[in-house]
Amino acid sequence: MAARGFPYTDLKDFLAALERAGELRRVGVPVDPTLEISEVVTRTVRADGPALLFERPTRGEMPVAINLFGTEKRTAMALGVESLDEIGNRIGELLKPELPVGFSGMMGGLGKVMQLKSMPPKKVKTAPCQQVIYRGDDVDLNRLPGLQVWPGDGGIFHNFGLTHTKHPETGKRNLGLYRLQQHSHNTLGMHWQIHKNSTAHHAVAERLGQRLPVAIAIGCDPVVSYASSAPLPADIDEYLFAGFLRGERVEMVDCLTVPLQVPAHAQVVLEGYLEPGERLPEGPFGDHTGFYTPVEPFPVLHVEAMTMQRDPVYHTIVTSKPPQEDHGLGKATERIFAPLLRFLIPDIVDYDLPAAGVFHNCAIVSIRKRYPKHAQKVMNAIWGAHMMSLTKLIVIVDEDCDVHDYNEVAFRAFGNVDYARDLLLTEGPVDHLDHSSYQQFWGGKAGIDATRKLPSEGYTRGWPEEMTMTPEVISLVDKRWKEYGI
């Protein structure tokens, strides 16, 4: 990791690393943040192209950085690893329950403790994110080159604002990634989905009749940016997780006008509050589902202070039907949290969340099948596992099926299933953005058992043997391949 200069100090440091690696292109001509940037980015993502820095957006006062996480390679680079599975393996080691044995075991246990000690954020008194300060009437969100991504969008949106709140009673912090619609030069619509922790914080503040302080950080270092999107349990602080990923504590600074802390090296910070009971129409918005989400009433952030670095860079993302930049973020979450999911459900060998299913509509899961209806047991366990509860379709395959090979998965799912017996239908919560469910927030789910069937499951015909070539012939053809002249 040190060879890459990891951890990155801030967004600019990461952009410089991307450029050195040939993973960044600068766009020096004027480009309009209304629709034009979106079309350029979408074409770039679908061509497996580089991260982009639009140096002269025709609206706003700073360059636009985008498509930073658009490939697994760049996402791994953002998190300082060669492979995303490296982080998952680190988490897996921490989850191992065995006691240390001997001197080497004690040293290994000490190493785990030292990793945990590096997690908590570190408070600093001064910070680059407060080099330039605007308060009160000087606040103007039009300084930011926010995007209108799709023609039917309700206006300008800020799509990578890291939103900070505290529970009004417990003081527990939450960091979340939510879209922000710009209503005016100093107000934003907060699209807080029903399942998110910030929604719970706001509900408590309203019950108490209190304003809810909010701070939004834009353009953070890539590890903090990823951590804001990670589906962490409510009792795990996102900045502890970011510190674990970085191997170094995240520096935080007190906000100027609200009792919250933000990353010291953010590019831009917005500070403000929500009035209890206040709502404004938010949307429509072309989301990652590929459809416009409808107009709904959401809370309104009144921005009282706007701070930033000198010469800041604005970070955002384009949303659309897959493939899009969030593929890299979703794939990182899949691989990083694989050991945790296996810890919760030991039956799981591996899993894949297809980008075409926008990472919560479908899960492909392999298991080491041991008893009748084992697949159905795993389906129900997944529907009870934190944010995996939103999964609409679960396909269970045997352990010898590569869950990342969609052709192989399709072969099993299309050929190994008697839908009168192997299809499990149920109902439960679905994503806030799901447009297909007949009721908002809940709908039907399906589980497909594509494993080999057992006599004890009522299959009495004798499962057939799958055709495979002998290893000797495979080796022979490998050696002679050039001779064939094919």
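**Sheets, helices and two loop residues in a predicted model**

Strand β4 and strand β10 (residues 251–254) run parallel and are joined by 3 bridges. Within this pair, K123 stands opposite M252 in β10. The two strands belong to an open sheet of 3 strands, in the order β4-β10-β11, with mixed pairing. At its edges are β4 (122–124) and β11 (261–263), each of which pairs on one side only. From one strand to the next, the twist of this sheet averages 45 degrees.

The model described here is predicted, and its confidence values are a useful companion while looking through it. Mean pLDDT for the chain is 90, and 94% of the residues reach 70 or more. For residues 1–5, by contrast, the pLDDT is below 50, and this stretch has 7 contacts in the model beyond near neighbours in sequence.

A second open sheet has 4 strands in the order β1-β2-β3-β18, again with mixed pairing. Its edges are formed by β1 (24–27) and β18 (314–315); each has a single partner strand, so one side of each is left without a neighbour in the sheet. Inside the sheet, β2 (residues 51–54) and β3 (residues 64–66) run antiparallel and are joined by 3 bridges. Here L53 stands opposite A65 in β3. Helix α1 (residues 11–20) lies across β1, β2, β3 and β18, and runs at about 105 degrees to β1.

Two domain annotations from UniProt help to place these elements along the chain. In the unreviewed entry, "3-octaprenyl-4-hydroxybenzoate carboxy-lyase-like N-terminal" is listed for residues 15–90. Over residues 15–90 the chain is 39% helix and 14% strand, with the end C-alpha atoms 26 Å apart. The UniProt annotation "3-octaprenyl-4-hydroxybenzoate carboxy-lyase-like C-terminal", also from an unreviewed entry, covers residues 329–450. Over residues 329–450 the composition is 28% helix and 26% strand, and the end C-alpha atoms lie 28 Å apart.

Attention turns next to the helices. Helix α8 (residues 238–246) is mostly covered, with 8 of its 9 residues buried. The buried residues include aromatic Y239, F241 and F244, together with the charged E238 and R246; A242, G243 and L245 are buried in α8 as well. The N-terminal end of α8 is capped by D237, which places a side-chain oxygen 2.6 Å from the backbone nitrogen of Y239. Just after the helix, G247 takes a positive phi of about 70 degrees. Helix α9 is likewise mostly covered: 9 of its 11 residues are buried. Among them are G328, L329, G330, K331 and A332, and the buried residues of α9 also include T333, E334, R335 and I336.

The loop between β18 and α9 (326–336) holds T319. With a relative accessible area of 10%, T319 is under the 20% cut-off and therefore counts as buried. Its surroundings come from several parts of the sequence: leaving aside neighbours within four places, T319 is in contact with V149, W150, F285, G286, D287, H288 and Q324. One of these partners, G286, also offers its backbone oxygen, which the side chain of T319 reaches at 2.7 Å.

A second loop residue, H404, lies between β21 (393–398) and α12 (406–415). At 34% relative accessibility, H404 falls between the cut-offs of 20% and 50% and therefore counts as partly exposed. The side chain of H404 makes polar contacts with two aspartate side chains, that of D350 at 3.0 Å and that of D352 at 2.7 Å. Leaving aside neighbours within four places in sequence, the contacts of H404 are E334, R335, D350, Y351 and D352. Two of these residues, E334 and R335, are among the buried residues of α9, so the loop of H404 can be followed from there to the helix by way of contacts within 4.5 Å. In relation to the strands described earlier, H404 is 338 residues from I66 in sequence and 27 Å from I66 in space, C-alpha to C-alpha.

Conventions: Residues are numbered from 1 along each chain as its sequence is written. This is a predicted model: local features need pLDDT of at least 70, side-chain atom pairs count only at pLDDT 80 or more; totals for chains, interfaces and linings use all residues. Side-chain values use heavy atoms; hydrogens and water are left out. Two strands pair if DSSP finds at least two bridges between them. Axes are lines fitted to C-alpha atoms, for helices over the stretch in contact, and angles run from 0 to 180 degrees between N-to-C directions. UniProt positions are given in the numbering used here, feature names are shortened, and annotations may be inferred rather than shown by experiment. Buried means under 20% relative accessible area, exposed over 50%, partly exposed in between (1.4 Å probe, protein chains only). A polar contact is a pair of N or O atoms within 3.5 Å; within protein, one must be able to donate a hydrogen and the other to accept it, and residues adjacent in sequence count only if both atoms are side-chain atoms. pLDDT is the predictor's confidence in each residue, from 0 to 100.
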